[in-house]
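Work through the exercises below with the sequence and the structure in view. Each task is followed by a solution in steps.

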Amino acid sequence: MRFMDTFVRRSLSLPVGVGVTALLLYFASLHSHAAATPEKAASASKRSKAIRIKHTQNHSGESQAERDRRLYRECKGMPNAGACLGYTRK
């Protein structure tokens with residue numbers, strides 16, 4: 001029984017190792033080919049590095065100004081932490 005376990009483990013380790021190595025080489029060649037394409041490299045360098053922040057409406061439907069007023073009102077006298085961080089004093 002122990003011989004069979006060792007035999008199966010050894011007989012499967014080589015094909016699995018070869019398969020993993022082949023996949024790694026395939027993905028490495030795809031990555032190097034994509035980076036070597038001149039149009040993609042030029043367009044990547046032209047992109048702006050600025051981060052764009054989308055201001056979305058929160059789930060309660062209140063605007064940012066309404067939310068600020070509510071938090072200033074609700075957080076009076078509370079610790080300056082959690083949801084009240086920055087809203088304890090004006």
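**Exercise 1.** Is T88 buried or exposed?

*Solution.* The model is a predicted one. Begin with the place of the residue: T88 is found in the segment after α3. Next, take its relative accessible area, which is 19%. The cut-off for buried is under 20%. T88 is therefore buried, since its value is 19%.

**Exercise 2.** Which residues does T88 touch, not counting residues up to four places away in sequence?

*Solution.* Leave out the sequence neighbours up to four places away; the contacts of T88 are then C75, M78, P79 and N80.

**Exercise 3.** Classify K76 as buried or exposed.

*Solution.* First locate the residue: K76 lies in the segment after α3, a helix that spans 64–74. Then read its relative accessibility, 63%. Exposed means over 50%, so K76 counts as exposed at 63%.

**Exercise 4.** Name the residues that form a positive surface patch with K76.

*Solution.* The patch has R69, R73 and K90 in addition to K76.

**Exercise 5.** Describe the protein chain as a whole: its elements, its buried share and its exposed area.

*Solution.* Count the elements: the protein chain has 3 helices and 0 strands. Read from the N terminus, their order is α-α-α. Turn to burial: 8% of the 90 residues count as buried. T88 is buried. Last comes the surface: the protein chain exposes about 8,600 Å², and 62% of this area is supplied by carbon and sulfur atoms.

How values were computed: Residues numbered from 1 in each chain as written. Predicted model: local features only at pLDDT ≥ 70, side-chain atom pairs only at ≥ 80, totals over all residues. Heavy atoms only, no water. Patch = residues over 30% accessible without salt bridge, like charges linked within 9 Å, V, L, I, M, F, W, Y side chains within 5 Å. Areas by Shrake-Rupley, 256 points an atom, 1.4 Å probe, with all protein chains shown as cover. Salt bridge = Lys/Arg side-chain N within 4 Å of Asp/Glu carboxyl O. Lys, Arg positive; Asp, Glu negative; His and termini not counted. Charge placed at Lys NZ, Arg CZ, Asp CG, Glu CD. Helix = DSSP H or I, 4+ residues; strand = E, 2+ residues; numbered from the N terminus. Buried < 20%, exposed > 50% of the residue type's maximum accessible area, 1.4 Å probe, protein only. Contact = heavy atoms within 4.5 Å.
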